[in-house]
Amino acid sequence: MSMSRNSGFRRVPGHNLIVRALALTAALCMAATSAACGAKGADDKADDGSKLSFMLDWTPNTNHVGIYVARHLGYFDKAGLKLTILPTAQAGAETSVQNWVADVGFSKLSNLATFNSQGADLRQVFNIGQHSVARWCSLASRTDIQTPKDFDDKTFVSFGSAEQTAVVKQMIRYAGGKGDFKRVTSGTNTFATLTSGKGDFAGFYANWEGVESELKGPALHCFTQADWGVPGNPDQLGFVVKNSWLQQAGHRRALTAFVKACLKGYNYALSHPDQAADILVKETKGSAIDPTLAKRSMESIVKEGYWVDSPDQKSISGLINVKDAQDYLDFQFKAGTYKGAKKGDPNKAPQATDLWTDRYVREAAGR
């Protein structure tokens, strides 16, 4: 969920690590038995559409609440769907879906653009992120940092992502700076890296770490990239599958049933945020989620309207805003994020319409 490793969350590798991640997982899968490698291979017989495996992108949090609500309230059972929720793998949900370890994974459209440019074949089929939750923050105690211009010549706590680097450079330059900064790799807790003085600023997500900061400290001073010259929405978060997995009718039926149940789960969470937070905590006891953090996070999601197009909307659409998606992909392309791409047109940005399909949301919603 987060752009840090705070609370044990795993950060998806950046552009310069993706080839290694894909190659490593592929090698492991070739070396292991098909059973050990996970889900169904491309040549397996189509199943009856009753089973589905889903891999998280982080440890469980409110981004996933609709899935756990759907399981708790029996929406999957009523749909005749047997769902297995898999913990995130070190290689990431995207690589795991690409290599048949999981049927469906949790990711975001901008990640797919990077993975697919390196040879993956993934598509997003469901989206909850209608507004960006990414924030770029220093400790509030750092009075020398008043605008992103003050990130110049400071140290960015990151994981080597070309996408993040492009965003930070643009924000600094938009604020009147040069766009030059150093980088340090975060440890297990980005808050600790900042408070130790090893780094000066980092990326956080407002609906989780931002809430955690308000509850427990340390206080943060944050900037939203849209206010500082970065176009589009980088946080279109949702479900991804492998295109070839969709060739089997049983898989398509299972996916439609899954999306339908999750739509109900996320809509329940919007209407009953406190109850949904309680369900998330109960369903994920092994993760020891702080109940207060879960409730405050849900309050933030509802209040700020992160999942809906407008504040008066009472249900999520499940769709992406194609213009917002393409504006962001165009920006990243111009910044050189996809240099050395092994797939796609080198003279053209990845296309949101190639990375996304609304078929399963519309089928699930009866549209």
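**Charged pairs, rings and one helix in a predicted model**

Q: Over which ring does the charged end of K264 sit?
A: A charge counts as sitting over a ring if NZ of Lys or CZ of Arg is within 6 Å of the ring centre and within 35 degrees of the ring normal. The charged end of K264 lies 4.2 Å from the centre of such a ring, and that ring belongs to Y75.

Q: What kind of model is this, and from what number are residues counted along each chain?
A: This is a predicted model, in which local features need pLDDT of at least 70 and side-chain atom pairs count only at pLDDT 80 or more, while totals for chains, interfaces and linings use all residues. Side-chain values use heavy atoms, with hydrogens and water left out, and residues along each chain, as its sequence is written, are numbered from 1.

Q: How many salt bridges does the model contain?
A: A salt bridge is taken here as a side-chain nitrogen of Lys or Arg within 4 Å of a carboxyl oxygen of Asp or Glu. R142, D144 and D200 are linked in a network of such bridges. By this rule the count of salt bridges is 13.

Q: How many residues apart are D153 and K178, whose side chains meet in a salt bridge?
A: The N to O distance in this salt bridge is 3.4 Å. Helices (H or I, at least four residues) and strands (E, at least two) are DSSP runs, numbered from the N terminus. D153 lies in the loop between strand 5 (134–139) and strand 6 (155–158), whereas K178 lies in the loop between helix 6 (162–174) and strand 7 (182–185), and the two are 25 residues apart.

Q: Which residue of the D290 and K216 salt bridge is exposed, and which is partly exposed?
A: The side chains of D290 and K216 meet at 3.5 Å, N to O, and they link distant parts of the chain, with D290 in the loop between helix 10 (273–283) and helix 11 (291–304) and K216 in helix 8 (residues 206–216). Buried means under 20% relative accessible area, exposed over 50%, and partly exposed in between, with a 1.4 Å probe and protein chains only. D290, with a relative accessible area of 23%, is therefore partly exposed, while at 53% the exposed residue is K216.

Q: Which helices are linked by the salt bridge of D278 and K295?
A: The side chains of D278 and K295 meet at 3.5 Å, N to O. D278 is partly exposed at 29% relative accessibility, and K295 is partly exposed with a relative accessible area of 29%. The pair, 17 residues apart, links helix 10 and helix 11.

Q: Why does the aromatic pair of F156 and F201 count as it does: stacked or tilted?
A: Rings of Phe, Tyr and Trp (its six-membered ring) pair if their centres lie within 6.5 Å, and planes under 30 degrees apart count as stacked, over 60 as edge-to-face and the rest as tilted; by this rule there are 18 aromatic pairs. F156 in strand 6 and F201 in strand 8 (residues 201–205) are 45 residues apart. Because their ring centres are 5.0 Å apart and their planes lie at 10°, the pair is stacked.

Q: What is the angle between the ring planes of F239 and F258?
A: F239 and F258 are both buried, and ring pairs link them into a cluster with F54, F76, F106, F126, Y266 and W307. Their own pair is tilted, with 5.1 Å centre to centre and an angle between the planes of 40°.

Q: Against which helices do the buried residues of helix 12 pack?
A: Helix 12 (residues 322–334) has 13 residues and reaches 18 Å from its first C-alpha to its last, close to the 18 Å expected, the expected span being 1.5 Å times one less than the number of residues. Its buried residues are A325, Q326, Y328, L329, F331 and Q332. With contact meaning heavy atoms within 4.5 Å, they pack against helix 5 (109–117), helix 6 and helix 13 (352–355).

Q: Which residue caps the N-terminal end of helix 12?
A: At this end a side-chain oxygen lies 3.1 Å from the backbone nitrogen of K323. A polar contact is a pair of N or O atoms within 3.5 Å; within protein, one must be able to donate a hydrogen and the other to accept it, and residues adjacent in sequence count only if both atoms are side-chain atoms. The capping residue is N321.
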